[in-house]
Amino acid sequence: MLEQRTEDLMAFGTLIENPKTGRILIVDDQDENVQLLQCLLKDAGFENITCTTDARTVVSLCREVQPDLIMLDLHMPLVNGFDVMKHIESVLQPQIYLPILVLTGDIALESRRAALDAGAMDFLNKPFDSVEVALRAKNLITTRFLHLRLQAYARLLAEKLCSTNELLARKVAASWLRERLPSLGHSLA
């Protein structure tokens, strides 16, 4: 019984993995920042890190990598972080929870509020603190994994509800026929 339950959970992607196995996408136009974050995350044990210095590639990278966390600089040339968040939101299904951790040296209250309004879940201020980088990444990836678990359970419950409804409908129909068959036999005679 326990083996079947574990198989069911694995089939629906509901076992929470180690957050350090989560897929991280780092987006910053400064190669030094990208390399620093990648190094800090690897030193903290994170395994799956993809990086880009070209914000125009984020949507295609999201489709390819399917990140569990995006670490995104706000102030970049060509496409800024606010526009990137809008693009990501426009291509994601509404029920998808993809945390975005904003990387910024701009601590102005207006910028923080605008980033939160655009879809950011948390902030990392520059210069980066290695412990804070690892903890915020771990927390947001854990939240993402919990959200995926909840979605999987919802799908499982919906499937069980549908099969239960089908079974109940068949039983009701069979019961109705059993009750009506004797009277149908008399009316035919």
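# Loops, a buried aspartate and two pockets

L78 is exposed, because its relative accessible area of 69% lies over the 50% that marks an exposed residue. The model in which this value was computed is a predicted one, and L78 is found there in the loop between β3 and α4. The backbone at L78 also deserves attention, since its phi is near 70°, a positive value in a residue other than glycine.

**Overall architecture**

The secondary structure of the protein comprises six helices and five strands, and from the N terminus on these elements follow the order α-β-α-β-α-β-α-β-α-β-α. Of the 189 residues, 34% are buried. Among the contacts with a separation of 6 or more, 68% are between residues that stand 24 or more positions apart. The accessible surface comes to about 11,700 Å², and carbon and sulfur atoms hold 57% of that area.

**Backbone geometry in the loops**

Most residues other than glycine have a negative phi, and most peptide bonds are trans. Besides L78, Q66 has a positive phi, in this case near 50°, and Q66 is placed in the loop between α3 and β3. The peptide bond from K126 to P127 is cis, with omega near 0°, and P127 belongs to the loop between β5 (122-125) and α6.

**The surroundings of D68**

Is D68 buried or exposed? D68 is buried, because its relative accessible area of 2% is under the 20% limit. Like Q66, D68 sits in the loop between α3 and β3 (69-73). The side chain of D68 makes a polar contact of 3.1 Å with the side chain of R144. When neighbours within four places in sequence are left aside, the residues in contact with D68 are G22, R23, L98, P99, I141, R144, F145 and L148. Several of these partners return in the next section, since R23, L98, R144 and L148 also line the largest pocket.

**The two pockets**

Rolling a probe the size of a water molecule over the atoms shows where empty space is left. The volumes and lining classes of the two pockets are set out below.

| Pocket | Volume | Lining residues by class |
|---|---|---|
| Largest pocket | about 260 Å³ | eight nonpolar, one polar, three charged |
| Second largest pocket | about 200 Å³ | ten nonpolar, two polar, one charged |

The lining of the largest pocket is made by R23, V59, C62, R63, Q66, P67, V91, L92, I96, L98, R144 and L148. The elements that give two or more residues to this lining are α3 (58-65) and α6 (130-188), and α3 gives the most, with three residues. Q66, whose phi is positive, is thus part of the lining of the largest pocket, as is R144, the residue whose side chain is joined to that of D68.

The second largest pocket holds about 200 Å³ of space, and 13 residues line it, of which E89, L92, I96, L98 and G119 are the closest to its centre. Helix α4 (residues 81-91) gives the most to this lining, with three residues. L92, I96 and L98 appear in the linings of both pockets, and L98 is in addition one of the residues in contact with D68.

Technical notes:
Residues numbered from 1 in each chain as written. Predicted model: local features only at pLDDT ≥ 70, side-chain atom pairs only at ≥ 80, totals over all residues. Heavy atoms only, no water. 1 Å grid on protein atoms, 1.4 Å probe; cavity = no way out; pocket = protein on both sides within 12 Å on 5 of 7 lines; lining within 4 Å. Points joined across faces, edges and corners; volume = space filled by probe spheres on them. Helix = DSSP H or I, 4+ residues; strand = E, 2+ residues; numbered from the N terminus. Nonpolar A, V, L, I, M, F, W, Y, C, P; charged D, E, K, R; others polar. Buried < 20%, exposed > 50% of the residue type's maximum accessible area, 1.4 Å probe, protein only. Contact = heavy atoms within 4.5 Å. Areas by Shrake-Rupley, 256 points an atom, 1.4 Å probe, with all protein chains shown as cover. Polar contact = N/O pair within 3.5 Å; in protein donor to acceptor, adjacent residues only side chain to side chain.
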